Amino acid sequence: MDSTTGGADLRLLALTKRFGDFVAVDDLTLTIPSGSFFALLGPSGCGKTTTLRMVAGLEEPTAGTIVIGDQDVTWTKPYKRPVNTVFQSYALFPHLDVFENVAFGLRRRGTKGVDASVEAMLELTELGGLGRRKPAQLSGGQQQRVALARALINEPKVLLLDEPLGALDLKLRRQMQLELKRIQTEVGLTFVHVTHDQEEAMTMADTIAVMNAGRVEQLGSPADLYENPSTTFVANFLGQSNFFDGSITERSGGNAIVSIEGNRVGVLDSRVHSSGSRVHVGVRPEKLRIQFAADAVMGEDTNRLEGTVVSSSFIGVSTEYRVGMPWGQQVSVFAQNTRRDERLVRGAEVVISWAPDHAFALDAAQDVGAGVGGAHAAERPESAGP
């Protein structure tokens with residue numbers, strides 16, 4: 001297979017799935033561009049796996065339409081859809097060797113002369129020379145590559161990946177993330193990847209849809225979602241955030257001025273996601289700078305707050321400081337261990353600072369705990385039947 005085969009746009013139009021009174025997917029409209037690596041990311045119960053199963057034809061929608069390219073496949077039988085699915089469980093045939101596992105789809109369709117296609121696919125997935133081994137003789141990563149090769153050789157327009165790396169250990173999972181991205185770039189297919197692992201989604205995907213309670217909470221590139229989240233759920237699900245409660249007092253020159261316990265801080269207008277004046281100002285821990293108060297230096301437009309070190313934890317590449325604010329709040333700061341200031345000990349008076357373009361402001365009506373540890377995920381399993 002080469003990149004000229006191409007993928008196809010996948011369009012979901014008002015897609016809904018109910019299991020009794022439970023709404024697993026709620027009026028979802030989404031376009032996944034041809035040739036993209038797209039991730040559906042969210043906690044267990046958010047609707048991502050149910051969405052994937054409806055695209056694959058393994059679950060019937062309650063309402064809505066599924067279109068691949070120019071073909072409406074909403075009610076098309078699974079085996080007639082131009083899609084293939086790679087599951088976490090691999091689902092390899094244990095009695096067949098690697099070569100025959102990969103060749104299975106072509107042989108079932110009656111394709112003649114499959115050897116060259118299979119060998120090319122084994123090379124693409126770095127399985128060359130392993131064709132005559134049985135699945136049980138392979139490592140977990142190699143088995144995952146076999147499952148991927150078996151799906152890709154059928155030349156689907158859309159490849160669906162359902163938590164494909166979940167069974168691998170951390171080191172192998174990170175290696176396979178890069179492998180999957182390389183393969184997707186080479187073949188040029190549309191990949192739709194379901195995962196609850198934010199690092200996995202951000203490593204591989206061009207575009208991520210963060211899902212919550214059956215809906216897309218926010219859609220964008222990994223960098224956009226992380227740097228400029230529009231809800232507290234997204235801010236917390238993708239990494240860690242400090243939130244300060246405040247009120248917008250003025251807006252001018254592309255900046256919003258927010259009063260936080262009497263302190264004036266600036267946030268770029270483009271990073272304010274609230275129509276009201278009461279906001280949560282969010283700042284990622286690694287965006288904060290911590291300095292010993294007596295000799296702190298910073299630019300004129302830099303936001304600053306004063307506090308006291310409560311604790312510090314050395315975590316290798318960085319040190320995490322917990323800084324207590326005068327109003328009782330504690331703030332987390334990650335400082336790179338390039339040049340550690342030994343004065344930053346418990347009880348030290350410090351200044352924390354950040355640039356206006358490193359913060360974001362969200363509607364104060366939102367729960368600052370939303371998305372933390374998947375605590376707000378529905379309890380019903382996504383694949384549950386009616």
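These legends go with a set of close-up views of a predicted model.

**View 1. The two domains of the protein chain, seen together.**
The chain splits into domain 1, covering 8–222, and domain 2, covering 239–361. Taken over C-alpha atoms, the centres of domain 1 and domain 2 sit 41 Å apart. For orientation, the UniProt record (an unreviewed entry) carries the annotation "domain: ABC transporter" over residues 10–238. Helix makes up 35% of that span and strand 27%, and the C-alpha atoms at its two ends are 25 Å from each other.

**View 2. An open six-stranded sheet with β3 and β9 in its order.**
Reading across, the 6 strands go β6-β7-β8-β3-β9-β10, and the pairing is mixed. The edges belong to β6 (83–87) and β10 (215–220), each of which pairs on one side only. From one strand to the next, the twist averages 20°. Zoom in on β3 (residues 37–41) and β9 (residues 207–212): these two pair in the parallel sense, with 4 bridges between them. A handy landmark for this pair is Leu41, which stands opposite Val210 in β9.

**View 3. Helices α2 and α4 crossing.**
Here the helices are α2 (residues 98–108) and α4 (residues 140–152), whose axes come within 7 Å and cross at roughly 30°. Since angles under 35 degrees count as roughly parallel, α2 is roughly parallel to α4. As for handedness, the crossing of α2 and α4 is right-handed.

**View 4. Glu155, a positive phi outside glycine.**
Follow the chain on from α4 and you'll meet Glu155 in the loop between α4 and β7 (158–162). Its phi is near 55°, a positive value in a residue other than glycine. Is Glu155 buried or exposed? The answer falls in the middle: with a relative accessible area of 42%, Glu155 is partly exposed.

**View 5. The other open sheet in this set, with β11 and β12 in its order.**
This one also has 6 strands, in the order β13-β12-β11-β15-β21-β14, and again the pairing is mixed. β13 (263–268) and β14 (272–273) stand at the edges with a single partner strand each, so one side of each has no neighbour in the sheet. Moving in from β13, strand β12 (residues 255–260) runs antiparallel to β11 (residues 242–252), and 5 bridges join the pair. Ser252 stands opposite Asn255 in β12.

**View 6. Glu261, another glutamate with positive phi.**
Look for Glu261 in the loop between β12 and β13. Phi of Glu261 is near 50°, and, as the residue is not a glycine, that positive value is worth a label. Glu261 counts as exposed because its relative accessible area is 54%, and the cut-off for exposed is over 50%.

**View 7. Strand β18 between its partners β17 and β19.**
How much of β18 (residues 318–324) is buried? Of its 7 residues, 6 are, so the strand is largely enclosed by the rest of the structure. One partner is β17 (residues 303–314), which runs antiparallel to β18 and is joined to it by 6 bridges. In that pairing, Ser313 stands opposite Glu320 in β18. The other partner is β19 (residues 330–336), which pairs with β18 over 7 bridges, also in the antiparallel sense. There, Val323 faces off with Val331, standing opposite it in β19. If you're tracing side chains along these strands, remember the general rule: in a regular strand they alternate between the two faces of the sheet.

**View 8. The two hairpin turns that flank β18.**
β17 and β18 form a hairpin with 3 residues between the strands, and Gly316 takes a positive phi near 90°. The hairpin of β18 and β19 has 5 residues between them. Its turn holds Gly328, with a positive phi of about 100°.

**View 9. Arg284, a buried loop arginine.**
Arg284 is located in the loop between β15 (278–283) and β16 (289–292). Why does Arg284 count as buried? Because its relative accessibility is 1%, and buried means under 20%. Include Val333 in the frame too: Arg284 and Val333 are 49 residues apart in sequence, with 8.2 Å between their C-alpha atoms.

Terms used: Residues are numbered from 1 along each chain as its sequence is written. This is a predicted model: local features need pLDDT of at least 70, side-chain atom pairs count only at pLDDT 80 or more; totals for chains, interfaces and linings use all residues. Side-chain values use heavy atoms; hydrogens and water are left out. Domain bounds come from an automatic or database domain assignment. Buried means under 20% relative accessible area, exposed over 50%, partly exposed in between (1.4 Å probe, protein chains only). Two strands pair if DSSP finds at least two bridges between them. UniProt positions are given in the numbering used here, feature names are shortened, and annotations may be inferred rather than shown by experiment. Axes are lines fitted to C-alpha atoms, for helices over the stretch in contact, and angles run from 0 to 180 degrees between N-to-C directions. Angles under 35 degrees count as roughly parallel, over 145 as roughly antiparallel, 65 to 115 as roughly perpendicular and the rest as oblique. A crossing is left-handed if the near helix is turned anticlockwise from the far one by less than a right angle, and right-handed if clockwise.
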